[in-house]
Amino acid sequence: IVKYNFLVADEGENVFNLCSLMTGYIAGVLENLLGFKVQVEHYMNPDYCRQFKPSRDACDFKVSN
């Protein structure tokens, strides 16, 4: 969970989804810290992304290996 994601703050759903940038960033950081490949997923819909539901205070990311 990324709370108060600055990349999507006050952006509407018609703006390019910047959470894809955060998805890659999270994967890169975790892979370097953990030493193995991880899969990071983010769903671009109101249940997971603040950009599509501004009243949310977080974006949810699923991490697996």
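## Exercises on a predicted model

Leu 30 has its place in helix H1, and this residue returns in the third exercise. The structure is a predicted model, which should be kept in mind throughout.

### Exercise 1. The overall plan

Work out how many helices and strands the protein has, in which order the elements run from the N terminus on, and what share of the residues is buried.

Solution. Start with the inventory: the protein has one helix and four strands. Next, place these elements along the chain, where from the N terminus on they follow the order β-α-β-β-β. Then turn to burial, where buried residues account for 32% of the 65 residues in the protein. As for the surface, the protein exposes about 4,500 Å², and carbon and sulfur atoms supply 56% of that area. Finally, consider how the chain meets itself: among contacts between residues at least 6 apart in sequence, 48% join residues at least 24 apart.

### Exercise 2. The nonpolar core and two of its surroundings

Identify the residues with the most contacts inside the largest nonpolar core, state which element gives the largest share of this core, and then list what Val 40 and Thr 23 touch beyond their sequence neighbours.

Solution. The largest nonpolar core has 13 residues, and those with the most contacts inside it are Cys 19, Met 22, Ile 26, Val 40, Cys 59 and Phe 61. Its largest share, four residues, comes from helix H1, which covers residues 19-34. Taking Val 40 as a vantage point, and leaving aside neighbours within four places in sequence, one finds contacts with Thr 23, Ile 26, Ala 27, Phe 61, Lys 62 and Val 63. Thr 23 itself is found in helix H1, and because its relative accessibility is 15%, under the 20% limit, Thr 23 counts as buried. With the neighbours within four places again set aside, Thr 23 is in contact with Val 40, His 42 and Phe 61.

### Exercise 3. Helix H1 at the surface

Decide whether Leu 30 is buried or partly exposed, say which residues Leu 30 touches beyond its sequence neighbours, and find which residues make the nonpolar surface patch of about 530 Å².

Solution. Leu 30 has a relative accessible area of 24%, so this residue is partly exposed. Not counting residues up to four places away in sequence, Leu 30 touches Gly 35, Val 38 and Val 63. The C-alpha atoms of Leu 30 and Val 40, residues 10 apart along the chain, are separated by 9.7 Å. For the patch, the residues are Tyr 25, Val 29, Leu 33, Leu 34 and Phe 36. One of them, Val 29, lies in helix H1 and counts as partly exposed because its relative accessibility is 32%.

### Exercise 4. The setting of His 42

Locate His 42 among the elements, decide whether His 42 is buried or exposed, and determine which backbone oxygen lies 2.7 Å from a polar atom of its side chain.

Solution. His 42 is found in the loop between strand E2 (39-41) and strand E3 (58-59). Its relative accessibility is 13%, so His 42 counts as buried. The backbone oxygen in question belongs to Asp 60. With residues up to four places away in sequence left out, His 42 touches Cys 19, Thr 23, Tyr 48, Cys 49, Cys 59, Asp 60 and Phe 61.

### Exercise 5. Salt bridges

State how many salt bridges the structure holds, and then explain why the pair of Asp 57 and Lys 3 ties together parts apart in sequence.

Solution. The structure holds four salt bridges, and three of them can be taken in turn.

1. Asp 57 forms a salt bridge with Lys 3, the closest N and O atoms being 3.0 Å apart. Because Asp 57 lies in the loop between E2 and E3 and Lys 3 in strand E1 (residues 2-3), the pair ties together parts that are 54 residues apart in sequence.
2. Glu 31 and Lys 37 meet through their side chains in a salt bridge of 3.8 Å, N to O. Glu 31 is partly exposed, at a relative accessible area of 24%, whereas Lys 37 is exposed, at 66%.
3. Glu 41 and Lys 62 also meet through their side chains in a salt bridge, at 4.0 Å, N to O. Because Glu 41 lies in strand E2 and Lys 62 in strand E4 (residues 62-64), this pair ties together parts that are 21 residues apart in sequence. Glu 41 counts as partly exposed at 27% relative accessibility, and Lys 62 counts as partly exposed at 46%.

Definitions and conventions: Residues are numbered from 1 along each chain as its sequence is written. This is a predicted model: local features need pLDDT of at least 70, side-chain atom pairs count only at pLDDT 80 or more; totals for chains, interfaces and linings use all residues. Side-chain values use heavy atoms; hydrogens and water are left out. A nonpolar core is a set of buried Ala, Val, Leu, Ile, Met, Phe, Trp, Tyr and Cys residues joined through side-chain atoms within 4.5 Å. Buried means under 20% relative accessible area, exposed over 50%, partly exposed in between (1.4 Å probe, protein chains only). Helices (H or I, at least four residues) and strands (E, at least two) are DSSP runs, numbered from the N terminus. Contact means heavy atoms within 4.5 Å. Patches are made of residues with over 30% relative accessible area and no salt bridge: like charges are joined within 9 Å, nonpolar side chains (Val, Leu, Ile, Met, Phe, Trp, Tyr) within 5 Å. Accessible areas come from the Shrake-Rupley method with a 1.4 Å probe; for residues, only the protein chains shown count as cover. A polar contact is a pair of N or O atoms within 3.5 Å; within protein, one must be able to donate a hydrogen and the other to accept it, and residues adjacent in sequence count only if both atoms are side-chain atoms.
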